[in-house]
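Me: I've got a model open and some of the labels on it puzzle me. Can you take me through what stands behind them?

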Amino acid sequence: MNRLVSPRHYPQVFSLFNRLPLCVGCLAGLPFVGETICHRCGRNMSAASSDDPLLFCTDCRSFLAEVDPLTANRSALRYDEQVKAVVAAYKYRGDERLAELFAVLAASCYYRYYSGISFRLITYVPLHDKRLAERGFNQVELIAKGLGRMVGLPVLPLLRRIKYTEKLSIQSGRTARFASMQKAFAPGEGASQSFRLRRSGWLSRKTDRPKVLLLDDIFTTGATVRSCASAIKAIPDFADVEVYSLTLCR
């Protein structure tokens, strides 16, 4: 447990994991992200570089010279073959029972990395209507709603997907993935509720910039979450927010 969360959050995380129909051995066997990670995207890094307080992977170094719409990403699990099979059962074969497991893993990741950040709300990566019809549900939306209940944050659908793209898993190359995600998202129905948040002062404080937590299942190149972050910042009431992402796998 000590590698997953600080001692002050033991009660919350223990309570969450205790709800799952998994034994201690199964939990211990999960490939949780290690201690040494990229400061920006959360990728596992070599322990030999652990003395560097601002450690960046090769991909993220390319963003250091330009404005990155994404402040940071953190992930719960390494995307190995074991995790890939479980995610596929949920994402492509519709095993919605796994939503609770993934929500708990997302919550443990939240308490591990983001508990000191005052987020105003959670949002999630939307599916295109065609993809939603194929799958029957948005797997990330279910996890986001579970996470919101567990950490006490509202969940709003700030975005909708307006561009249909091939699955990123079959697109070759980082450049192709980023190109396919250009202008893929537009304001969703949750964005129309933001004026009430702004009027109430919930989205604006003089002491800090508002922060939004974006949820997705897998971080590969970061093309999807960065496109979403740009689209969120293009919403007038969210122009000054900082967008952080939380993904199940990296």
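Me: Let's start with C57. Why is C57 called buried?

Reply: C57 has 2% relative accessibility. Buried means under 20% relative accessible area, exposed means over 50%, and partly exposed lies in between (1.4 Å probe, protein chains only). At 2%, C57 therefore counts as buried. Before we go on: this is a predicted model, where local features need pLDDT of at least 70, side-chain atom pairs count only at pLDDT 80 or more, and totals for chains, interfaces and linings use all residues. Numbering runs from 1 along each chain as its sequence is written, and side-chain values use heavy atoms, with hydrogens and water left out.

Me: How do you know that C57 is not bonded to C41?

Reply: A disulfide is a pair of cysteine sulfur atoms within 2.5 Å. The closest cysteine sulfur to that of C57 belongs to C41 and is 3.7 Å away, so the two are too far apart for a bond. The structure holds 0 disulfides. C41 is in none, with the sulfur of C57 as its nearest cysteine sulfur.

Me: And what makes C41 buried?

Reply: C41 has a relative accessible area of 1%, and the cut-off is under 20%, so C41 is buried.

Me: What makes strand β1 largely enclosed?

Reply: Strands are DSSP runs (E, at least two residues), and helices are DSSP runs too (H or I, at least four), numbered from the N terminus. In β1, residues 70–77, 7 of the 8 residues are buried, so the rest of the structure largely encloses this strand.

Me: How do you know that β1 and β6 pair?

Reply: Two strands pair if DSSP finds at least two bridges between them. β1 and β6 (residues 242–249) have 6 bridges, in the parallel sense, and L70 stands opposite V243 in β6.

Me: V212 sits in strand β5 (residues 211–218). Why is V212 called buried?

Reply: The relative accessible area of V212 is 0%, which puts V212 under the 20% limit, so V212 is buried.

Me: Which residues does V212 contact, beyond its neighbours within four places in sequence?

Reply: Contact means heavy atoms within 4.5 Å. Among the partners of V212 are F119, L121, L158 and F238, and also V243, the residue in β6 that stands opposite L70.

Me: How much of the chain is buried overall?

Reply: Of the 250 residues, 52% count as buried. The chain has 10 helices and 6 strands.
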